[in-house]
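Please open the model in your viewer and follow the stops below in order, selecting each group of residues as it is named.

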Amino acid sequence: MRSPLTVIRVACDLLLKEASLDTKPRKSIGKIRRASVQMTNLVEAFLLMAREPDRDIGTSMVCVNDLLHEEIDRARLSLEGRRVELLTNFANTLTVTAPERVVSVLLGNLLRNACTYTDQGSITVIIEDQRVTIIDTGVGMSEQDRDGAFHVFSRGSQARPGGYGVGLNIVRKLAERFSWSVSLKSSPGQGTTAVVDFCDAGYISPARVI
(Lines give C-alpha, C1' and ligand atoms only; values in the text may rest on other atoms or scores of the structure.)
Protein backbone atom coordinates (compact mmCIF):
# COMPACT_ATOMS: atom_id res chain seq x y z
CA MET A 1 0.00 0.00 0.00
CA ARG A 2 2.88 2.36 0.67
CA SER A 3 4.37 1.96 -2.82
CA PRO A 4 1.45 3.39 -4.85
CA LEU A 5 0.99 6.15 -2.29
CA THR A 6 4.65 7.11 -2.73
CA VAL A 7 4.16 7.19 -6.52
CA ILE A 8 1.13 9.48 -6.12
CA ARG A 9 2.99 11.83 -3.79
CA VAL A 10 6.10 12.03 -6.00
CA ALA A 11 3.97 12.60 -9.12
CA CYS A 12 2.16 15.44 -7.35
CA ASP A 13 5.47 17.00 -6.30
CA LEU A 14 6.68 16.94 -9.93
CA LEU A 15 3.45 18.50 -11.22
CA LEU A 16 3.53 21.22 -8.58
CA LYS A 17 6.99 22.26 -9.82
CA GLU A 18 5.51 23.15 -13.23
CA ALA A 19 5.57 26.94 -13.40
CA SER A 20 2.90 26.98 -16.14
CA LEU A 21 0.33 25.17 -13.97
CA ASP A 22 -2.82 27.24 -13.42
CA THR A 23 -4.11 28.03 -9.95
CA LYS A 24 -7.16 25.74 -10.03
CA PRO A 25 -5.37 22.52 -11.07
CA ARG A 26 -2.48 23.38 -8.73
CA LYS A 27 -4.96 23.56 -5.86
CA SER A 28 -6.48 20.20 -6.81
CA ILE A 29 -3.07 18.53 -7.06
CA GLY A 30 -2.20 19.94 -3.65
CA LYS A 31 -5.32 18.30 -2.20
CA ILE A 32 -4.36 14.96 -3.77
CA ARG A 33 -0.88 15.21 -2.29
CA ARG A 34 -2.18 16.03 1.18
CA ALA A 35 -4.63 13.11 0.99
CA SER A 36 -1.81 10.73 0.00
CA VAL A 37 0.26 11.91 2.97
CA GLN A 38 -2.68 11.32 5.31
CA MET A 39 -3.21 7.83 3.88
CA THR A 40 0.50 7.02 4.23
CA ASN A 41 0.39 8.04 7.88
CA LEU A 42 -2.70 5.88 8.39
CA VAL A 43 -1.00 2.85 6.83
CA GLU A 44 1.99 3.38 9.11
CA ALA A 45 -0.35 3.56 12.11
CA PHE A 46 -2.01 0.27 11.10
CA LEU A 47 1.39 -1.40 10.76
CA LEU A 48 2.41 -0.16 14.19
CA MET A 49 -0.80 -1.47 15.78
CA ALA A 50 -0.19 -4.87 14.18
CA ARG A 51 3.19 -5.23 15.87
CA GLU A 52 3.64 -6.94 19.19
CA PRO A 53 3.45 -4.48 22.12
CA ASP A 54 6.94 -5.33 23.32
CA ARG A 55 8.53 -5.00 19.90
CA ASP A 56 10.85 -2.03 19.48
CA ILE A 57 9.39 0.84 17.43
CA GLY A 58 11.05 3.98 16.23
CA THR A 59 10.19 7.01 18.33
CA SER A 60 11.39 10.59 18.45
CA MET A 61 10.70 13.80 20.31
CA VAL A 62 7.61 15.23 18.61
CA CYS A 63 6.40 18.80 18.96
CA VAL A 64 2.62 18.55 19.15
CA ASN A 65 2.21 22.26 18.36
CA ASP A 66 3.98 21.86 15.00
CA LEU A 67 1.94 18.80 14.06
CA LEU A 68 -1.30 20.53 14.96
CA HIS A 69 -0.41 23.52 12.79
CA GLU A 70 0.00 21.11 9.84
CA GLU A 71 -3.28 19.31 10.57
CA ILE A 72 -5.09 22.63 10.97
CA ASP A 73 -3.83 23.79 7.56
CA ARG A 74 -5.27 20.60 6.02
CA ALA A 75 -8.52 21.00 7.95
CA ARG A 76 -9.07 24.53 6.65
CA LEU A 77 -9.28 23.15 3.11
CA SER A 78 -12.11 20.82 4.11
CA LEU A 79 -14.02 23.76 5.63
CA GLU A 80 -14.06 25.82 2.43
CA GLY A 81 -17.55 27.08 1.67
CA ARG A 82 -18.74 26.73 5.27
CA ARG A 83 -19.10 29.48 7.86
CA VAL A 84 -16.80 27.78 10.34
CA GLU A 85 -13.92 29.55 12.10
CA LEU A 86 -10.90 27.46 13.08
CA LEU A 87 -9.27 28.89 16.19
CA THR A 88 -6.17 27.99 18.21
CA ASN A 89 -5.18 28.64 21.80
CA PHE A 90 -1.75 27.18 22.57
CA ALA A 91 -0.84 28.02 26.17
CA ASN A 92 2.46 26.11 26.06
CA THR A 93 4.72 24.00 23.88
CA LEU A 94 3.90 20.29 24.21
CA THR A 95 6.30 17.48 23.31
CA VAL A 96 5.82 13.70 23.34
CA THR A 97 8.15 10.78 22.70
CA ALA A 98 6.41 8.68 20.05
CA PRO A 99 6.38 7.99 16.29
CA GLU A 100 5.49 11.28 14.62
CA ARG A 101 2.96 9.64 12.29
CA VAL A 102 1.08 8.13 15.22
CA VAL A 103 0.55 11.55 16.82
CA SER A 104 -0.42 12.99 13.43
CA VAL A 105 -3.02 10.27 12.76
CA LEU A 106 -4.49 10.51 16.25
CA LEU A 107 -4.91 14.28 16.28
CA GLY A 108 -5.75 14.46 12.57
CA ASN A 109 -8.65 12.03 12.95
CA LEU A 110 -10.12 14.01 15.84
CA LEU A 111 -9.78 17.28 13.97
CA ARG A 112 -11.31 15.86 10.76
CA ASN A 113 -14.26 14.54 12.79
CA ALA A 114 -14.83 18.02 14.18
CA CYS A 115 -14.75 19.48 10.66
CA THR A 116 -17.08 16.83 9.25
CA TYR A 117 -19.79 17.46 11.82
CA THR A 118 -19.57 21.25 12.11
CA ASP A 119 -21.56 23.21 9.54
CA GLN A 120 -21.32 26.62 11.19
CA GLY A 121 -19.74 28.23 14.21
CA SER A 122 -16.24 27.36 15.30
CA ILE A 123 -13.68 24.67 16.00
CA THR A 124 -11.16 25.54 18.71
CA VAL A 125 -7.92 23.64 19.25
CA ILE A 126 -6.38 24.14 22.69
CA ILE A 127 -3.03 23.06 24.13
CA GLU A 128 -2.82 23.37 27.88
CA ASP A 129 -0.24 21.57 30.01
CA GLN A 130 -0.22 17.93 28.78
CA ARG A 131 -3.61 18.05 27.10
CA VAL A 132 -4.95 18.78 23.64
CA THR A 133 -8.62 19.75 23.53
CA ILE A 134 -10.69 20.13 20.35
CA ILE A 135 -14.04 21.88 20.83
CA ASP A 136 -16.57 22.17 18.02
CA THR A 137 -20.04 23.72 17.72
CA GLY A 138 -21.31 20.92 15.50
CA VAL A 139 -24.30 18.59 15.59
CA GLY A 140 -23.14 16.78 18.73
CA MET A 141 -23.92 13.21 19.77
CA SER A 142 -26.54 11.47 21.84
CA GLU A 143 -25.44 9.52 24.91
CA GLN A 144 -25.87 6.26 22.99
CA ASP A 145 -23.79 7.48 20.04
CA ARG A 146 -21.09 8.77 22.38
CA ASP A 147 -20.86 5.47 24.27
CA GLY A 148 -20.30 3.57 21.03
CA ALA A 149 -18.13 6.15 19.26
CA PHE A 150 -14.83 4.32 19.83
CA HIS A 151 -16.16 0.92 18.68
CA VAL A 152 -14.98 -0.31 15.30
CA PHE A 153 -17.40 0.37 12.39
CA SER A 154 -19.56 2.47 14.70
CA ARG A 155 -21.82 4.82 12.73
CA GLY A 156 -23.84 7.17 14.90
CA SER A 157 -27.29 8.52 14.19
CA GLN A 158 -25.76 11.75 12.81
CA ALA A 159 -23.25 9.96 10.55
CA ARG A 160 -22.26 11.79 7.37
CA PRO A 161 -21.56 10.12 3.97
CA GLY A 162 -18.03 8.97 3.22
CA GLY A 163 -16.99 7.58 6.59
CA TYR A 164 -16.52 3.96 7.65
CA GLY A 165 -16.74 4.19 11.42
CA VAL A 166 -13.08 3.33 12.07
CA GLY A 167 -11.47 6.72 12.76
CA LEU A 168 -12.23 6.98 16.47
CA ASN A 169 -11.48 3.29 16.99
CA ILE A 170 -8.00 3.92 15.55
CA VAL A 171 -7.63 6.94 17.86
CA ARG A 172 -8.49 4.83 20.90
CA LYS A 173 -6.14 1.97 19.96
CA LEU A 174 -3.22 4.31 19.29
CA ALA A 175 -3.82 6.11 22.58
CA GLU A 176 -3.94 2.81 24.49
CA ARG A 177 -0.71 1.67 22.84
CA PHE A 178 1.12 4.68 24.29
CA SER A 179 -0.80 4.91 27.60
CA TRP A 180 -2.52 8.17 26.65
CA SER A 181 -6.19 8.84 27.39
CA VAL A 182 -8.89 10.06 25.02
CA SER A 183 -12.35 11.21 26.07
CA LEU A 184 -15.42 12.75 24.45
CA LYS A 185 -18.06 15.07 25.87
CA SER A 186 -21.06 15.79 23.68
CA SER A 187 -24.76 16.59 23.56
CA PRO A 188 -27.11 16.76 20.56
CA GLY A 189 -27.02 20.22 19.03
CA GLN A 190 -24.37 21.39 21.51
CA GLY A 191 -21.20 20.25 19.76
CA THR A 192 -18.45 17.90 20.89
CA THR A 193 -15.32 18.25 23.00
CA ALA A 194 -12.49 15.76 22.49
CA VAL A 195 -9.63 15.65 24.99
CA VAL A 196 -6.31 13.84 24.58
CA ASP A 197 -4.18 13.61 27.71
CA PHE A 198 -0.55 12.87 26.87
CA CYS A 199 0.15 11.69 30.40
CA ASP A 200 3.92 11.27 30.00
CA ALA A 201 4.52 14.37 27.89
CA GLY A 202 6.76 17.29 28.60
CA TYR A 203 5.74 20.90 28.15
CA ILE A 204 7.21 24.36 28.29
CA SER A 205 4.99 27.17 29.56
CA PRO A 206 5.79 30.85 30.08
CA ALA A 207 5.84 30.21 33.83
CA ARG A 208 7.89 27.05 34.13
CA VAL A 209 9.68 24.22 32.37
CA ILE A 210 8.70 20.58 33.01
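**First stop: a pocket**

In this predicted model, begin with the second largest pocket, which has 15 lining residues, and select Gln38, Arg74, Ala75, Ser78 and Arg112, the ones that lie nearest its centre. Next, colour helix 2 (23–50), helix 3 (64–78) and helix 4 (100–116), since these are the elements that each give two or more residues to the lining of the second largest pocket. The volume of this pocket is about 240 Å³, and its lining, sorted by class, holds six charged, five nonpolar and four polar residues.

**Second stop: from helix to sheet**

Keep helix 3 selected and add strand 1 and strand 3, because helix 3 lies across both of these strands and runs at about 55° to strand 1. Now show the open sheet of three strands, whose order is 1-3-8 and whose pairing is antiparallel. Which strands stand at the edges of the sheet? They are strand 1 (60–63) and strand 8 (202–204), and each has a single partner strand, so one side of each is left without a neighbour in the sheet. As you turn the view, follow the twist from one strand to the next, which averages 25°.

**Last stop: one pairing in detail**

Finally, select strand 3 (residues 93–98) together with strand 8, which run antiparallel and are joined by three bridges. To look at one residue pair here, pick Thr93 and then Ile204, its bridge partner in strand 8.

Note on methods
Residues are numbered from 1 along each chain as its sequence is written. This is a predicted model: local features need pLDDT of at least 70, side-chain atom pairs count only at pLDDT 80 or more; totals for chains, interfaces and linings use all residues. Side-chain values use heavy atoms; hydrogens and water are left out. On a 1 Å grid over the protein atoms alone, a cavity is a set of points where a 1.4 Å probe fits but cannot get out, and a pocket is an open set with protein on both sides within 12 Å along at least five of seven lines; lining residues have an atom within 4 Å of a point. Grid points are joined across faces, edges and corners, and a volume is the space filled by probe spheres set on the points. Helices (H or I, at least four residues) and strands (E, at least two) are DSSP runs, numbered from the N terminus. Ala, Val, Leu, Ile, Met, Phe, Trp, Tyr, Cys and Pro count as nonpolar, Asp, Glu, Lys and Arg as charged, and the others, Gly among them, as polar. Two strands pair if DSSP finds at least two bridges between them. Axes are lines fitted to C-alpha atoms, for helices over the stretch in contact, and angles run from 0 to 180 degrees between N-to-C directions. Contact means heavy atoms within 4.5 Å.
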